[in-house]
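Please load the structure in your viewer and keep the selection tool handy. We will go stop by stop, and at each one you can pick out the residues named.

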Amino acid sequence: MAQAVEEWYRQMPIITRSYLTAAVVTTVGCTLEIISPGNLYLNPKLVVQHYEIWRLVTNFLYFRKMDLDFLFHMFFLARYCKLLEENSFRGRTADFFYMLLFGATVLTGIVLIGGMIPYISEAFARILFLSNSLTFMMVYVWSKHNPFIHMSFLGLFTFTAAYLPWVLLGFSILVGSSTWVDLLGMISGHVYYFLEDVYPRMTGRRPLKTPSFIKALFADDNVVVARPPNAGLAAGARFGAMGADPQVQ
């Protein structure tokens with residue numbers, strides 16, 4: 001069993017493995033009170049006035065207390081981050097890293113700007129960690145890249161992957177969870193999808209071209225495998241309830 005887990009871990013691509021490891025270590029450290037969440041959460045005032053720049057990164061690593069919800073988010077992170085990195089971004093590790101960097105920047109910008117708008121500033125002030133939102137962004141981008149995969153939810157109904165973010169959002173509403181983090185993830189994911197996939201087809205320009213200094217950090221393969229429009233990737237689901245084999249039309 002331990003050998004199987006170790007092999008599964010070693011087979012993860014570099015970005016997925018690094019992010020998952022950092023998230024687990026950070027969350028476990030906070031649970032054991034080795035690390036204080038008070039030193040990790042996003043606080044614009046502390047970032048600007050006290051130069052606590054690390055908060056711009058650490059707020060994406062802490063997934064709250066270790067409970068069932070934590071395990072589900074680790075499942076989503078490991079699954080969809082891995083699927084994106086191994087398929088849509090195969091041979092383009094630098095581009096995948098830039099996607100996460102862009103998404104994190106958009107999420108941070110939304111929270112900072114929202115915190116300055118009257119009437120809704122209090123709602124944004126309560127958003128201390130954006131880890132769940134970044135995970136949801138990956139789910140959203142994956143669903144846009146694989147819209148025709150058939151999925152099932154709790155065996156009750158089937159749908160295509162294009163509707164996966166909306167199904168998960170509806171489930172969050174049903175169980176009484178906050179939908180803010182899901183909505184922020186969907187917004188950042190759609191901004192990335194539009195600028196990276198839709199806008200270039202409309203204009204022939206690619207505004208999100210990965211900077212050369214980021215490309216220099218990764219030794220990517222020169223061969224990029226094209227992604228079929230109906231790529232048959234296995235799909236997971238929230239709370240382990242969605243996992244039927246995909247049926248590609």
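Here is a short tour, from the whole chain to single residues.

**Stop 1: the whole chain**

Bear in mind that this is a predicted model. Start with a cartoon view: you should find eleven helices and two strands. Walking from the N terminus, the order of elements is α-α-α-α-α-α-α-α-β-β-α-α-α. There are 249 residues, and 46% of them count as buried. Switch to a surface, and the exposed area is about 13400 Å², with 63% of it supplied by carbon and sulfur atoms. Of the contacts with a separation of 6 or more, 67% join residues 24 or more positions apart.

**Stop 2: colour by confidence**

Now colour by pLDDT. The chain has a mean of 84, and 88% of its residues reach 70 or more. Among the elements, select helix α4 (residues 55-58) for the highest mean pLDDT, 95, and helix α1 (residues 2-10) for the lowest, 81. Then select residues 222-226, where pLDDT stays under 50 and the model has six contacts beyond four places in sequence. Residues 228-249 are also below 50, and this stretch has 66 contacts in the model beyond near neighbours in sequence.

**Stop 3: the largest nonpolar core**

Next, show side chains for Leu77, Met99 and Trp142. These are the residues with the most contacts inside the largest nonpolar core, which has 57 residues. Which elements give two or more residues to this core? They are α2 (14-31), α5 (68-88), α6 (93-114), α8 (131-145), β1 (150-153), α9 (164-174) and α10 (180-203). Helix α6 gives the most, with eleven residues.

Stay with Met99 and display what surrounds this side chain. Beyond its neighbours within four places in sequence, Met99 is in contact with Leu84, Phe89, Met137, Met138, Val141 and Tyr192.

**Stop 4: the annotated spans**

Select residues 96-117, 123-142, 154-174 and 180-199 in turn. An unreviewed UniProt entry gives these the feature "transmembrane region". Compare the last two in the cartoon view. Residues 154-174 are 52% helix and 19% strand, with end C-alpha atoms 14 Å apart. Residues 180-199 are 100% helix and 0% strand, and here the end C-alpha atoms lie 26 Å apart.

**Stop 5: two cysteines**

Pick Cys30 and Cys81. Are they buried or exposed? Cys30 has a relative accessible area of 8%, so this residue counts as buried. Cys81 is buried too, because its relative accessibility is 0%. If you look for disulfides while you are here, the structure holds zero.

**Stop 6: two loop residues with positive phi**

Finish in the loops. Select Glu33, in the loop between α2 and α3 (44-49). Its phi is near 60°, a positive value in a residue other than glycine. Glu33 counts as exposed because its relative accessibility is 71%, and the cut-off for exposed is over 50%.

Now move on to Tyr51, which sits in the loop between α3 and α4. Phi is near 55° at Tyr51, again a positive value in a residue other than glycine. With 64% relative accessibility, Tyr51 also counts as exposed.

How values were computed
Residues numbered from 1 in each chain as written. Predicted model: local features only at pLDDT ≥ 70, side-chain atom pairs only at ≥ 80, totals over all residues. Heavy atoms only, no water. Core = buried A, V, L, I, M, F, W, Y, C linked by side-chain atoms within 4.5 Å. Buried < 20%, exposed > 50% of the residue type's maximum accessible area, 1.4 Å probe, protein only. Helix = DSSP H or I, 4+ residues; strand = E, 2+ residues; numbered from the N terminus. Contact = heavy atoms within 4.5 Å. Areas by Shrake-Rupley, 256 points an atom, 1.4 Å probe, with all protein chains shown as cover. UniProt positions renumbered as here; feature names shortened; annotations may be inferred. Disulfide = S-S within 2.5 Å. pLDDT = per-residue confidence, 0-100.
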